[in-house]
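Please open the structure in a viewer and keep the sequence panel visible. The tour below proceeds from the whole chain to selected residues.

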Amino acid sequence: MKLSQKVFKVLLIFFVLWSLGGGVALAQGQDTGGATNFPIPNPLSCGSDPEHPGLEGCVRSVIRSLLILATPIVAVMVIIGGYQILTAGGDPEKFSKGKKTILYAAAGFAVILLANGVVLIIQDVLSGGACTGASCPPS
């Protein structure tokens, strides 16, 4: 196994665990007379947002969670692509591989960023163009 593959795997595992476990490390329990409770919040919290109830709230929560998870992964992939380009040593195939890594990371991140806009477009089409929710301008 190449050194770059080992570095990639270690960095990917680190960032995934860091992004998933950051809140857990900062959890504090409440003193209940000897026993300690650690409430675990629902990460999607579907239906708890009064402005966006139901399916729309769930989709927005999933998109927000994907954005939070994807941001460090994209950073790692760009670093790995840059490393592949720097270590290509004049080999056009390795240079192209690094370039594609950066391109695909940016394209995947763009899809996640545009997902919220797609939700708004679908909502507009299904509602018949009528403005609903908190994003409506005052009349």
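**From the whole chain to helix α3**

Begin with the entire chain in a cartoon view, which shows 3 helices and 2 strands. Please note that this is a predicted model. Tracing the chain along the sequence gives the order α-β-β-α-α.

Next, display the surface. The chain exposes about 10300 Å², and 70% of that area is supplied by carbon and sulfur atoms. Of the 139 residues in the chain, 12% are buried. Contacts may also be viewed by separation in sequence: among those between residues at least 6 apart, 52% join residues at least 24 apart.

Now select residues 92–126, which form helix α3, and locate T101 within this helix. Is T101 buried or exposed? T101 counts as buried because its relative accessibility is 14%, and the cut-off for buried is under 20%.

Keep T101 selected and show its surroundings. Beyond its neighbours within four places in sequence, T101 is in contact with M77, G81 and Q84. With Q84 there is also a polar contact between the two side chains, at 3.0 Å.

Then move to V125, which also lies in helix α3. V125 counts as exposed because its relative accessibility is 60%, and exposed requires over 50%.

Finally, add V118, I121, I122 and L126 to the selection. Together with V125, these residues make a nonpolar surface patch of about 530 Å². The tour of helix α3 thus takes in both buried T101 and exposed V125.

Note on methods. Residues numbered from 1 in each chain as written. Predicted model: local features only at pLDDT ≥ 70, side-chain atom pairs only at ≥ 80, totals over all residues. Heavy atoms only, no water. Helix = DSSP H or I, 4+ residues; strand = E, 2+ residues; numbered from the N terminus. Buried < 20%, exposed > 50% of the residue type's maximum accessible area, 1.4 Å probe, protein only. Contact = heavy atoms within 4.5 Å. Areas by Shrake-Rupley, 256 points an atom, 1.4 Å probe, with all protein chains shown as cover. Polar contact = N/O pair within 3.5 Å; in protein donor to acceptor, adjacent residues only side chain to side chain. Patch = residues over 30% accessible without salt bridge, like charges linked within 9 Å, V, L, I, M, F, W, Y side chains within 5 Å. Salt bridge = Lys/Arg side-chain N within 4 Å of Asp/Glu carboxyl O.
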